[in-house]
Amino acid sequence: MLTLISAGVAPGVALLSYFYLKDEYETEPLSLVLRTFLFGAILVFPIMFIQYVLHVEGIVTAKFAQAFFVSGLLEEFVKWFVVYFFIFDHHEFDEPYDGIVYSASVSLGFATMENILYLFANGVEFAVTRAVLPVSSHALFAVIMGFYLGKAKFSNWKHRYVFFSFLFPLLLHGTYDFILLTQEKWGYYMVPFMLFLWWLALRKVKQAKGLHYHEVASPAKSQV
């Protein structure tokens, strides 16, 4: 059991540590980051219940709807909701990169609990595949979400960027699941898709760190 839990927790904690330590200006309170991580973990249970009901009742059968609604919309919405309504106006969210830290903490809490449950049900032999694909993809979707939430808080285009912070992770998540659901040889499509996700996420990390100088000091900060 300890091996399963360790294998389930390790990828999420490693990725969260990576994005947390990338914050070079003012490190976020570890207690707040851990609380959002745990909150994300708890969210797995209501989402799994809703998805189970939708599956058993046959409410959503089309693979496109399963990918973009049952997985993408439901999962990204609850994570976005937590960050936007509980963290966005928090006084510790005081620079653009913080959006990435808190979005990653919620998403990786969610991914970690989901990972633990999956490994308990299917075995530790899936640990590496789960770390490379589902856990890391949740983290990368979160980076995109957090980047645009950081832009939203420290710019004059708040509503536009808030919309992007939900839309883009939803589309990326839906595409990820659609590949898995529809492609027999999904690896041929998933490898370039994941490479693109990593490239995009790391680019957004770099851009968010650069925004510290250009947008935090702008007049928009006094308006939020």
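This report covers the largest pocket, two bent helices and two individual residues of a predicted model.

## Largest pocket

The largest pocket holds about 990 Å³ of space. Its lining is made up of 29 residues, and those closest to the pocket centre are Gln51, Ser71, Glu75, Glu114 and Asp177. Five helices each give two or more residues to this lining: H2 (30–56), H3 (63–87), H4 (98–122), H5 (127–153) and H6 (158–182).

H5 supplies the largest share of the lining, with seven residues. By residue class, the lining of the largest pocket consists of 17 nonpolar, eight polar and four charged residues.

## Helix H1

Helix H1 covers residues 2–21. Its 20 residues should span 28 Å at 1.5 Å a residue, and the distance of 27 Å between its end C-alpha atoms agrees with that. H1 has a kink of about 30° at Ala10, shortly before the proline Pro11.

The buried residues of H1 are Leu4, Ala7, Gly8, Pro11, Gly12, Leu15, Leu16, Phe19 and Tyr20. An α-helix has 3.6 residues a turn, so residues three or four places apart point the same way.

## Helix H3 and Lys79

H3 has 25 residues, for which a span of 36 Å is expected at 1.5 Å a residue. The end C-alpha atoms of H3 lie 33 Å apart, in agreement with that value. The helix bends by about 35° at Gly72. H3 is also among the helices that give two or more residues to the lining of the largest pocket.

Lys79 is located in helix H3. Lys79 counts as buried because its relative accessibility is 0%, and the cut-off for buried is under 20%. Leaving out residues up to four places away in sequence, Lys79 touches Val106, Ser107, Phe110, His138 and Met145.

## Phe45 in helix H2

Phe45 belongs to helix H2. With a relative accessible area of 44%, Phe45 is partly exposed, because this class lies between the 20% limit for buried and the 50% limit for exposed.

Not counting neighbours within four places in sequence, Phe45 is in contact with Met113 and Leu117. Phe45 and Met113 are separated by 68 residues in sequence, while their C-alpha atoms are 9.0 Å apart in space.

Notes. Residues are numbered from 1 along each chain as its sequence is written. This is a predicted model: local features need pLDDT of at least 70, side-chain atom pairs count only at pLDDT 80 or more; totals for chains, interfaces and linings use all residues. Side-chain values use heavy atoms; hydrogens and water are left out. On a 1 Å grid over the protein atoms alone, a cavity is a set of points where a 1.4 Å probe fits but cannot get out, and a pocket is an open set with protein on both sides within 12 Å along at least five of seven lines; lining residues have an atom within 4 Å of a point. Grid points are joined across faces, edges and corners, and a volume is the space filled by probe spheres set on the points. Helices (H or I, at least four residues) and strands (E, at least two) are DSSP runs, numbered from the N terminus. Ala, Val, Leu, Ile, Met, Phe, Trp, Tyr, Cys and Pro count as nonpolar, Asp, Glu, Lys and Arg as charged, and the others, Gly among them, as polar. The expected span of a helix is 1.5 Å times one less than its number of residues. The bend at a residue is the angle between axes fitted to the seven residues ending there and the seven starting there. Buried means under 20% relative accessible area, exposed over 50%, partly exposed in between (1.4 Å probe, protein chains only). Contact means heavy atoms within 4.5 Å.
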